[in-house]
Amino acid sequence: MMGPTVHLLPALIGIPLFAAISCLLINNRKITACFSLAAAALLLALVVNLLEPLRLNTTAGGLTYQLGGWGAPLGIDLFVDGLAMILLLVTAVLILILSIYSVFYFQSNEKAARFWPLWWLLVAGLNCAFTAADIFNIYVALELIGLASVALVALDGSRASQVAALRYALVGLLGSLLYLMGVALLYRTYGTLSVVEISSLSQADALSTAALLLITTGLALKTALVPLHFWLPPAHGGAPAPVSAILSALVVKASFYLLIRYWLEILAPAAAELTMQLLGILGATAIIWGCLAAFRARRLKILVAYSTVAQLGYLFLLFPLVAADNSAETYGTTAIAAAMYFLVAHALAKSAMFLAVGNILTAYGHDEIRRLQGIARQQPLSLFTFAIAGVSLIGLPPTGGFIAKWLLLNAAISNAQWWWVAVMLLGGLMAAVYIFKVLNLAFISTSLDQATGCAQVPLGMALPGLILAVLAVCLGFNAEWLIDLLSIGGTAETGTLK
Amino acid sequence: MFDRLVLHETSGTKPALKSSTKIACGLASFALSGGLIAALLLSERAGPGLAALTASRMDESGVENPVTAVLLNFRSYDTLLEIAVLLIVAVAMLSMQPSATNRSMVEVNHRHSGDPVLAGLLRWLVALATVLSGYLLWTGAYAPGGAFQAGSVIAGACVALKLSGRYHFFWHPLKARLLLTIGLAVFVLVGGFCATGDKRVLEYPLEYAGMLILIIELAATVSIAAILLLLFTGLQDDKPDATQAGRPST
């Protein structure tokens, strides 16, 4: 049963590619800006239109599209289930809002001319990774994402951002190569590259375990799991604001999404409980270490970047919680729903936060936390955005971050793994410390000479961040639809999910 | 893009790695390869993989070379994305180029006489490389060859032209940007227009498959050659001293 909208699935990659080519050829700031906004709106409309066919197609487990009409083992398929759909939806929403912000952010023609083609190529890579159903195709998607991100980080042209970009490039390359080695081992073992076929064939033999460990190391490098996080703060802290937002909100999540696919679906039999506990321990270390480093940061952008390291740690708690939960049959179960909820809430809040910091940086020309006294009076909108996003990151009600943490705590308690509860509560407390440290300074009244050094930020730059922060709060009011969407998964029928 | 960082600033300084770090890295690599070899020895290879399936459907692909069939028909989506990866490299390099949109793409320095022997050799070499590239592209349909090989031969010929010092390439004019994007643009357009009626994206009609693959490869050859040349000029122009050294004589 293929509805007409299913045939639009390749457009998820086609629209960004077309936009990238057009932006490179047009090379005029105003026209490319209008064109990009139109493309972003079109992309969001397309994803929303795919929601309904996905709901109707629950028996098939998701939407499949055979590119070139060849079918899975010979050709390449696109596959979208509930899990992929959530990421596609978050991507489309964020791309639209961040594109609006970028139109105002990149005022100079020269930078805009380089930004838009790379931006759209990155979006193509993200959508490709979320719809991939072929393990080599995933590798190509990772290359697209990795190289486009590196080029975007280097966009600033300053020495610091070039050093960060180079380090990011080398780390990304190492991660991709480790992943590729894993793919080679899997092809040798199973003789196919199709996700569906490997999922049904996979066993817990030595080679599958070796492949899983290689792939996990590669993807963990790209997800910046402690202790492989060293590249993230300079890269995310040195990039232009919309780029930092997309890197923290989506790029690191793409590799995390692939980790979920490998551990819970593609190579589920090879995923031993011990290694899953180890991933959880690394995640817990990331929470504590990220919070400590965020507290010690001197620049606001570095603080926000370290906060990403900490928040990514929560996501990895998914693995020990799922390992213990033997009743889990679909992606709609508590632990996975909690992690996905966390992912969405963090994507919205963190991108709002990076936009707010970008505005502060534009207004003052620096983001040294010590010198940011009294900004509440001069930049109320940006600080308000920062505060709401911060509240969601800490996990206070009524935000999306609160529901996400609540669900994670529930999953931990129902699986009788109380030690994760302690880590999560401590992490929330420590996040509160570094967020309130900034807010506290912001409300100190300032002398007059400091106030004069503040430039005006256009409304087009202030509003997108606020919208994202408000969305992060709204997420807390409407938890049901996301969990409903998650439960549409092809893995439920085949029973390969642990 | 980073060569100033890597080649200039770190040249002459010794890498500050302690010998203990080196030993640790060596041991880790040794353990990793040992583990992988053990895992490979312990497991069985699974059948012939996809080779048999590919062979059985070669007659539907429109070409005779299985590598070309896989790259441009069965798994054409991967190749399309790889060309997009090349475009990222091009855009990243483009931002390092002097942005003069009003200059023409190729500028000939008439005052620069150069080496007469080199000029004479290039006159033959460039023509020969162009013919060779066309042959490589055409032969891809039934023997090893294709867009990547053909593109790199053309790029090599252009590098020789650039090194002669008579020709300079600028990448911001529309013409140059067209050359850089045409590979991806043609691939996306052909793939999209295939989806008419009950056909799917990238599903070439059988009777035109060979022709469409040739068109895609031709466009890809142009873009690959342009991007490789852009990489070379970008790296060379970045270093004023190297530009001088690269010229045979003035």
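**Briefing: helix 4 of chain B and the contact with chain A**

Seven of the nine residues of helix 4 (residues 66-74) of chain B are buried, so this helix is largely enclosed by the rest of the structure; a residue is buried if 20 or more other C-beta atoms, placed from the backbone, lie within 10 Å of its own. This is a predicted model, in which local features need pLDDT of at least 70 and side-chain atom pairs count only at pLDDT 80 or more, while totals for chains, interfaces and linings use all residues. Residues are numbered from 1 along each chain as its sequence is written, and chains are lettered from A and ligands numbered from 1 in the order in which they are written.

**Chain B**
- Chain B holds 10 helices and two strands, where helices (H or I, at least four residues) and strands (E, at least two) are DSSP runs, numbered from the N terminus.
- The buried residues of helix 4 of chain B are Thr68(B), Ala69(B), Val70(B), Leu71(B), Leu72(B), Asn73(B) and Phe74(B).
- Of the 250 residues that make up chain B, 35% count as buried.

**Confidence**
- The average pLDDT (the predictor's confidence in each residue, from 0 to 100) of chain B is 84, and 86% of the residues score at least 70.
- The model has an ipTM of 0.91 and a pTM of 0.93.

**Contact between the chains**
- Chain A gives 47 residues to the contact and chain B gives 48 residues, two residues being in contact if their C-beta atoms, placed from the backbone, lie within 7 Å.
- On the side of chain A that touches chain B, the largest share, eight residues, comes from helix 5 of chain A.

Definitions and conventions: A residue is buried if 20 or more other C-beta atoms lie within 10 Å of its own, exposed if 12 or fewer, and partly exposed in between; C-beta atoms are placed from the backbone.
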